[in-house]
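Visitor: Hello! I would like to learn how to read a protein structure, one feature at a time. Could you show me one?

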Amino acid sequence: MKKDNQSTVSEFILLGLPIRAEDHSLYCALFLAMYLTTVLGNLLIILLIRLDSHLHTPMYFFLSHLAFTDISFSSVTVPKMLRNMYIQNPSIPYADCIAQMYFFILFTDLDNFLLTSMAYDRYVAICHPLHYTTIMREELCILLVAISWILSCVSALSHTLLLARLSFCADNTIPHFFCDLAALLNLSCSDISLNELVIFTAGTIVITLPLICILISYGHIVATILKVSSNKGICKALSTCGSHLSVVSLYYGAIIGVYLIPSSSTSSDKGIVASVMYTVVTPLLNPFIYSIRNRDMKEALKKLFNRAAIST
């Protein structure tokens with residue numbers, strides 16, 4: 001019998017985090033504080049880069065876009081999760097669920113490409129320092145960001161259009177705190193073989209290839225550092241990569257934790273916890289990593305505080 005392509009569900013039920021009902025208020029306050037810190041911290045990074053002319057370099061150009069992406073990334077899932085926990089209403093309309101999935105994929109992919117662009121910037125800065133200003137010119141930086149946006153939009157749109165053609169018959173319960181693509185496909189009563197093929201293909205392009213490029217970049221960086229005879233040169237090289245490498249480790253570590261965990265019911269809670277790591281915790285930690293480990297950001301922050309103190 002041919003299945004109807006028109007969805008029969010008007011909303012989905014998000015089961016949310018695996019926590020007890022009596023603890024919702026506590027976790028709601030905790031995640032609200034984390035979300036506000038994420039937004040304010042990343043906005044501060046954008047403001048510092050905007051105001052301090054010493055930060056008008058390719059690395060900080062990419063960092064400002066990464067900060068904006070992290071704000072958007074968290075804003076796609078966390079406010080809805082907080083609302084559901086606060087009013088105890090886990091439903092989400094069909095159209096809102098599809099839109100949330102689209103923007104979640106968009107900003108996830110954008111994060112991958114921006115981190116890759118930053119790795120390339122560090123590779124050029126350390127391995128080809130004499131040609132850095134020639135290679136990393138403004139036009140190339142803008143082009144890399146534009147390509148990142150285009151590829152991310154195409155990837156997210158392809159998943160969204162393919163999902164929109166599927167039928168959702170009876171079960172509309174999503175065992176997650178947001179509309180995850182894999183969870184939605186598990187609820188569909190249509191043939192999802194094409195969706196799975198696109199997931200594999202797009203996953204290779206937007207996750208595997210960027211990770212390989214980052215690893216290759218740092219392989220060349222390590223090889224170059226080992227050729228430096230002075231300890232001062234090694235420390236300077238490591239200081240320029242430390243913040244980026246920390247963020248890459250956090251982000252890809254959490255993603256690998258999600259996608260390498262089997263999709264059985266016994267491990268679903270672990271998958272949700274891993275998802276919290278890269279949707280909530282990583283965007284929260286990024287401003288602290290770049291401010292604590294980065295001398296230029298510290299100096300820009302001191303200038304901002306001094307300017308504010310003088311004006312008052």
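Visitor: What share of the 312 residues in the protein is buried?
Guide: Before we start, keep in mind that this is a predicted model. A residue counts as buried when its relative accessible area is under 20%. Here, buried residues make up 48% of the 312 residues. As for the outside, the accessible surface of the protein comes to about 16300 Å², and 68% of that belongs to carbon and sulfur atoms.

Visitor: How many helices and strands are there in the protein?
Guide: You will find ten helices and three strands. Reading from the N terminus on, their order is β-α-α-β-α-α-α-β-α-α-α-α-α.

Visitor: How do I read the way two helices pack?
Guide: Two packed helices are described by the angle between their axes and the distance between the axes. Let's try helix H5 (residues 138–164) and helix H7 (residues 193–227): their axes come within 10 Å and cross at roughly 170°. Angles over 145 degrees count as roughly antiparallel, so H5 is roughly antiparallel to H7.

Visitor: Which residues in H5 and H7 meet?
Guide: On the H5 side they are Ser 155, Ser 158, His 159, Leu 162 and Leu 163. Their partners in H7 are Leu 194, Asn 195, Val 198, Ile 199, Ala 202 and Val 206.

Visitor: Now the cysteines, please. Which cysteines does a disulfide join?
Guide: The idea is to look for a pair of cysteine sulfur atoms within 2.5 Å. By this rule the count comes to one disulfide. The disulfide joins Cys 97 to Cys 179, with 2.0 Å from S to S. Its angle about the S-S bond is -125°, and the link is left-handed.

Visitor: Where do Cys 97 and Cys 179 lie?
Guide: Cys 97 belongs to helix H3 (residues 94–127), while Cys 179 is in the loop between strand S3 (173–174) and helix H6 (181–187). The pair therefore ties together parts that are 82 residues apart in sequence.

Visitor: Is Cys 97 buried or exposed?
Guide: Cys 97 is buried, because its relative accessible area is 0%. Cys 179 also counts as buried, at 1%. For two other cysteines, the values are 27% for Cys 153, which counts as partly exposed, and 39% for Cys 213, again partly exposed.

Visitor: What about rings? How many aromatic pairs does the structure hold?
Guide: There are 16 aromatic pairs. To read one, check the distance between ring centres and the angle between the planes: over 60 degrees counts as edge-to-face. Phe 177 and Phe 178 are one such edge-to-face pair, at 4.9 Å centre to centre with 70° between the planes. Both Phe 177 and Phe 178 are buried.
Guide: Another edge-to-face pair is Tyr 251 with Tyr 278, at 6.4 Å centre to centre and 85° between the planes. This pair links distant parts of the chain: Tyr 251 sits in helix H8 (residues 231–259) and Tyr 278 in helix H9 (residues 268–292), 27 residues apart. Tyr 251 is buried, with a relative accessible area of 1%, and Tyr 278 counts as buried at 1%.

Visitor: Which residues form one aromatic cluster?
Guide: Phe 73, Phe 104, Phe 177, Phe 178, Tyr 251, Tyr 252 and Tyr 278 do.

Visitor: And contacts between residues at least 6 apart in sequence: what share of them joins residues at least 24 apart?
Guide: That share is 80% in the protein.

Notes. Residues are numbered from 1 along each chain as its sequence is written. This is a predicted model: local features need pLDDT of at least 70, side-chain atom pairs count only at pLDDT 80 or more; totals for chains, interfaces and linings use all residues. Side-chain values use heavy atoms; hydrogens and water are left out. Rings of Phe, Tyr and Trp (its six-membered ring) pair if their centres lie within 6.5 Å; planes under 30 degrees apart count as stacked, over 60 as edge-to-face and the rest as tilted. Buried means under 20% relative accessible area, exposed over 50%, partly exposed in between (1.4 Å probe, protein chains only). Helices (H or I, at least four residues) and strands (E, at least two) are DSSP runs, numbered from the N terminus. Contact means heavy atoms within 4.5 Å. Accessible areas come from the Shrake-Rupley method with a 1.4 Å probe; for residues, only the protein chains shown count as cover. Axes are lines fitted to C-alpha atoms, for helices over the stretch in contact, and angles run from 0 to 180 degrees between N-to-C directions. Angles under 35 degrees count as roughly parallel, over 145 as roughly antiparallel, 65 to 115 as roughly perpendicular and the rest as oblique.
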